[in-house]
Amino acid sequence: MTYNKLFLTLGLAGFLTFTGFHVDEYGSMPLPIGFATPAGAVIGRPLTPLSYAGVARRTTRRVVTRTTTTIAVLPGGCRYGPYHGGYYYRCGAYYYAKSGNVYVQVIVQ
């Protein structure tokens with residue numbers, strides 16, 4: 001008998017939690033039956049799990065590290081393009097990112 005009351009209470013609590021049941025402050029009791037409201041995740045925001053842009057930024061942040069090595073002019077033959085999730089200047093084996101008036105060497109891991 002005690003287990004039946006416990007299961008009934010847990011089942012009612014689960015039903016009220018997942019159906020979005022609420023009591024209005026004016027005393028009326030609308031009963032909108034449905035699943036809980038959708039999450040406010042917006043595709044394209046950095047912390048959205050399925051955001052491609054967020055994944056690209058996190059991946060870039062994890063594998064690319066800026067160094068303190070700066071140069072004012074890039075060597076000849078550098079190519080600008082998408083490398084490892086970001087846009088950098090590739091000069092042989094080195095990568096550079098523009099920062100103000102100088103180029104900062106980045107290390108891609």
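At 43% relative accessibility, leucine 6 counts as partly exposed. Leucine 6 belongs to helix α1, which spans residues 2-19. Together with Tyr3, Phe7 and Leu10, Leu6 makes a nonpolar surface patch of about 490 Å². The model described here is a predicted one, and the confidence values below should be kept in view.

The protein chain has an average pLDDT of 78, and 68% of the residues score at least 70. Among the elements, the lowest mean pLDDT, 71, falls to helix α2 (residues 52-63), while strand β4 (residues 94-99) has the highest, 91. Where pLDDT is low, the predicted coordinates should not be read in detail.

The secondary structure consists of 2 helices and 5 strands. Along the sequence these elements follow the pattern α-α-β-β-β-β-β. Of the 109 residues in the protein chain, 19% are buried. The accessible surface amounts to about 8700 Å², and carbon and sulfur atoms account for 64% of that surface. Among contacts with a separation of 6 or more, 34% join residues that are 24 or more positions apart.

Arginine 62 is a residue of helix α2. With a relative accessibility of 60%, arginine 62 is classed as exposed, because the cut-off for that class is over 50%. Arginine 62 and glutamine 109 are 47 residues apart along the chain, and their C-alpha atoms are separated by 8.4 Å.

Valine 64 is found in strand β1. How far apart in space are valine 64 and valine 106, C-alpha to C-alpha? The distance is 6.4 Å, for a pair that is 42 residues apart in sequence. Val106 also appears among the contacts of valine 64, along with His84, Tyr88, Ile107 and Val108, once neighbours within four places in sequence are left aside. The relative accessibility of valine 64 is 13%, so this residue counts as buried, the limit being under 20%.

Strand β5, residues 102-108, contains glutamine 105. Is glutamine 105 buried or exposed? Glutamine 105 is buried, because its relative accessible area of 13% is under 20%. Not counting residues up to four places away in sequence, glutamine 105 touches Thr65, Arg66, Thr67 and Thr69, and also Tyr94, Tyr95 and Tyr96.

Tyr94, Tyr95 and Tyr96 are also in contact with tyrosine 89, a residue of strand β3. Leaving aside neighbours within four places in sequence, the other contacts of tyrosine 89 are Leu74, Arg79, Tyr80, Lys98 and Tyr103. For one of these partners, arginine 79, the C-alpha to C-alpha distance to tyrosine 89 is 5.4 Å, with the two positions 10 residues apart in sequence numbering.

Strand β3 (residues 86-91) also holds one end of a disulfide, cysteine 91. How many disulfides does a search of the whole structure find? The search finds 1. A disulfide is a covalent bond between the sulfur atoms of two cysteines. Here the pair is cysteine 78 and cysteine 91, with their sulfur atoms 1.9 Å apart. The link is right-handed, with 120° about the S-S bond. It joins distant parts of the chain: cysteine 78 sits in the loop between β1 (64-71) and β2 (79-83), 13 residues from cysteine 91.

The two cysteines fall into separate accessibility classes. Cysteine 91 has a relative accessible area of 11% and is therefore buried, under the 20% limit. Cysteine 78, at 21% relative accessibility, counts as partly exposed, because the buried class requires a value under 20%.

Notes. Residues numbered from 1 in each chain as written. Predicted model: local features only at pLDDT ≥ 70, side-chain atom pairs only at ≥ 80, totals over all residues. Heavy atoms only, no water. Helix = DSSP H or I, 4+ residues; strand = E, 2+ residues; numbered from the N terminus. Buried < 20%, exposed > 50% of the residue type's maximum accessible area, 1.4 Å probe, protein only. Contact = heavy atoms within 4.5 Å. Patch = residues over 30% accessible without salt bridge, like charges linked within 9 Å, V, L, I, M, F, W, Y side chains within 5 Å. Areas by Shrake-Rupley, 256 points an atom, 1.4 Å probe, with all protein chains shown as cover. Salt bridge = Lys/Arg side-chain N within 4 Å of Asp/Glu carboxyl O. pLDDT = per-residue confidence, 0-100. Disulfide = S-S within 2.5 Å.
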